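Hi,

Here is the structure I promised to pass on. Have a look at it first, and then read on for what turned up.

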Amino acid sequence: MLTGIHILLTLKCTNECEHCFLHCGPSREATFTVAQLRTLIRQTEELGTVNTVYFEGGEPFLFYPLLLEGLRMVRAAGFDAGIVTNGYWATSVEDGLRWLRPIRELGIVDFSVSDDEFHHLEKNDRKAEFAFQAAQQLGIPAGTICIDPPNVSPQAAEGRRGKPVVGGGLLFKGRAAEKLTAGLPTRPCEEFTTCPHEDLLSPERVHVDAYGNVHLCQGLTMGNMWEEPLCDLVRAYDPQMHPIVGPLLRGGPARLATEHGLAMSNSYVDECHLCYTARKLLLPRFPQYLTPKQAYGL
Ligand code: SF4
């Protein structure tokens, strides 16, 4: 049952992080309008199962008035709200307080700040830390998201005793699949027989972008809610019949590649690396489900 909507308020971002699933960056567009937000909230209400709406991106604070208006709508509709940001706007704790006071008035249940090496444009960048501290001072429930760069250890993984393991918490999809996989240990395609990170059978949360795409995983959609109301999309979602989700459920990214007759390399870093690479090859065949092209760096 769908209980969470994550609004990709914009694909524009201050940074071009190497691990970004959606290839966001300063040159990207795709920003919601107020009218689109209104439509999304109304359709979410009609669904009747959602309790939490997140604002993320890209960097949602780049469109601060829009973020506030969206929050107002979400709270007026009775949903809990959350925000994910890189905190670029908190040039000091004092400044951060000014950005966050209006948000505290509206009330949010989660304020997550990405604070790791990937998000820091400059050495000793403390803006994420300032944003987090400002949220804490205001009593806003806050946390940090920290992704480590990939590291390779000889530590044994289950069933792979003695083989190198890639750690760091990264998933190799989006820009990470293209920028961060070089030189990392790989495993044979046949080993990737599940999607370990998304509940594709019965998704509890989806991401929605300004084009109306309803993402099951970044760049993999159940359909477009500007073309078909969200209620109808969710009701009609048949995972086994979906040309991408069906194979993934039957046998993971390995099955996705074989069912569609793709010529792949022999080995990949993880499930997402194979899945993303296969999906990119399938873009011309399934443009209605593998979209937007920006999610594939195009
Ligand atoms: S395996 Fe594919 S569908 Fe599953 S999380 Fe990774 S990229 Fe997404």
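Before I start naming loops: helices (H or I, at least four residues) and strands (E, at least two) are DSSP runs, numbered from the N terminus. Also, please keep in mind that this is a predicted model.

With that naming, His23 falls in the loop that runs from β1 (4-8) to α1. Its backbone caught my eye, since phi of His23 is near 55 degrees, a positive value in a residue that isn't glycine. Ala30 belongs to the loop between β1 and α1, and its phi is likewise positive, near 55 degrees, again in a residue other than glycine. For context, most residues other than glycine have a negative phi. Are these two buried or exposed? His23 has a relative accessibility of 5%, so it counts as buried. Ala30 comes out at 10%, which is under the 20% cut-off, so it is buried too.

Next, the helix after that loop. Helix α1 covers residues 34-47, 14 residues in total, and spans 20 Å from first C-alpha to last, close to the 20 Å expected at 1.5 Å a residue. Which of its residues are buried? They are Leu37, Leu40, Ile41, Gln43, Thr44 and Leu47. Looking down the axis of α1, you would find these buried residues within an arc of 165 degrees, so they line one face of the helix. The general background is that an α-helix has 3.6 residues a turn, so residues three or four places apart point the same way.

Now the ligand. Where does it sit? In the largest cavity. The residues around the ligand are Lys173, Cys195, His197, Glu198, Cys217, Cys272, Cys275 and Arg279. Sorted by class, that shell has four nonpolar residues, one polar and three charged. Helix α8 (residues 271-282) contributes the most to the shell, with three residues.

Leu274 is also part of helix α8. Its relative accessible area is 0%, so Leu274 is buried. Along the chain, Leu274 and Ala177 are 97 residues apart, but their C-alpha atoms are separated by 8.7 Å.

There are also a couple of cis peptide bonds to look at. One goes from Gly57 to Gly58, with omega near 20 degrees, and Gly58 is in the loop between β2 (52-56) and α2 (64-76). Another joins Thr291 and Pro292, with omega about 0 degrees; Pro292 is in the segment after α8. As a rule, most peptide bonds are trans.

Finally, two more loop residues. Trp89 is in the loop between β3 (80-85) and α3 (93-106). At 3% relative accessibility, Trp89 falls under the 20% cut-off and so counts as buried. The C-alpha atoms of Trp89 and Leu62 are 8.6 Å apart, with their positions 27 residues apart along the chain. Arg126, in the loop between β4 (110-114) and α4 (127-137), has a relative accessibility of 41% and therefore counts as partly exposed. Arg126 and Ser112 are 14 residues apart in sequence, and their C-alpha atoms are 15 Å apart in space.

That's everything from my side. Happy browsing!

How values were computed. Residues numbered from 1 in each chain as written. Predicted model: local features only at pLDDT ≥ 70, side-chain atom pairs only at ≥ 80, totals over all residues. Heavy atoms only, no water. Near = heavy atom within 4 Å. 1 Å grid on protein atoms, 1.4 Å probe; cavity = no way out; pocket = protein on both sides within 12 Å on 5 of 7 lines; lining within 4 Å. Sits in = over half its atoms within 2 Å of the grid points. Nonpolar A, V, L, I, M, F, W, Y, C, P; charged D, E, K, R; others polar. Expected span 1.5 Å × (residues − 1). Buried < 20%, exposed > 50% of the residue type's maximum accessible area, 1.4 Å probe, protein only. Arc of directions from axis to C-beta.
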